[in-house]
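Here is a friendly walk through the charged pairs and the nonpolar packing of one protein chain. Keep the viewer open as you read.

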Amino acid sequence: QVQLVESGGGLVQAGGSLRLSCAATGRSFSTNAMGWFRQGPGNDRELVATISWNSVGIYYVDSVKGRFTISRDNAKNTVYLEMNSLKPEDTAVYYCAWSRLPSTTFKSDFGFWGQGTQVTVSS
């Protein structure tokens, strides 16, 4: 099993920044893709960003390009999501997830979801 714990969420004003962290424990991390997802009020769970095992393959949904940065520190078994210029529409519960694949951008390839961390952006 892989255990994932998200942290770093909170309440910020529009235009503000947050950095989310996801700490992973379990059998493997450094050889696997990781992703960040979010689910806002009345919305389906949305893929936000993915990162391959070696950080070479990175994907962002169009709505966060230029504002969010996904990164990972394999030595710390941690993946990050740096969020800048936050907008009210970014309000959601943010989840990290582990993939058995080394590189993928497909939601269906991720499993072992964390419990999520709430991000609320006020206007």
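## Salt bridges

Across the whole structure, a search turns up 4 salt bridges. Please keep in mind that this is a predicted model.

Which residues are linked in a network of salt bridges? They are Arg38, Glu46, Arg67 and Asp90, and the next two sections take their pairs in turn.

## Arg38 and its two partners

Let's begin with Arg38. Its salt bridge with Glu46 has the closest N and O atoms 2.8 Å apart. How do the two residues sit with respect to the surface? Glu46 is partly exposed, at 28% relative accessible area, whereas Arg38 is buried, at 7%. The cut-off for buried is under 20%, so Arg38 with its 7% counts as buried, while the 28% of Glu46 puts that residue in the partly exposed class.

Arg38 also forms a salt bridge with Asp90, and here the closest N and O atoms are 2.9 Å apart. Arg38 belongs to strand β4 (residues 34-39), while Asp90 is in the loop between β8 (78-83) and β9 (92-99), so this pair ties together parts 52 residues apart in sequence.

## Asp90 and Arg67

Is Asp90 buried or exposed? It is buried, with a relative accessible area of 1%. Besides pairing with Arg38, Asp90 forms a salt bridge with Arg67, with 2.8 Å between the closest N and O atoms. This pair, too, links distant parts of the chain: Asp90 is in the loop between β8 and β9, and Arg67 is in the loop between β6 (58-60) and β7 (68-73), 23 residues apart. Arg67 is buried as well, with a relative accessible area of 9%.

## Nonpolar cores

Now for the nonpolar side chains. The largest nonpolar core has 28 residues, and the members that touch the most others are Trp36, Leu81, Met83 and Tyr94. Elements giving two or more residues to this core are β1 (2-7), β3 (18-26), β4, β5 (46-51), β7, β8, β9 and β11 (117-122).

There is also a second, separate core of 5 residues. Among its members are Ala33, Phe37, Leu47 and Phe110.

Notes. Residues numbered from 1 in each chain as written. Predicted model: local features only at pLDDT ≥ 70, side-chain atom pairs only at ≥ 80, totals over all residues. Heavy atoms only, no water. Salt bridge = Lys/Arg side-chain N within 4 Å of Asp/Glu carboxyl O. Buried < 20%, exposed > 50% of the residue type's maximum accessible area, 1.4 Å probe, protein only. Helix = DSSP H or I, 4+ residues; strand = E, 2+ residues; numbered from the N terminus. Core = buried A, V, L, I, M, F, W, Y, C linked by side-chain atoms within 4.5 Å.
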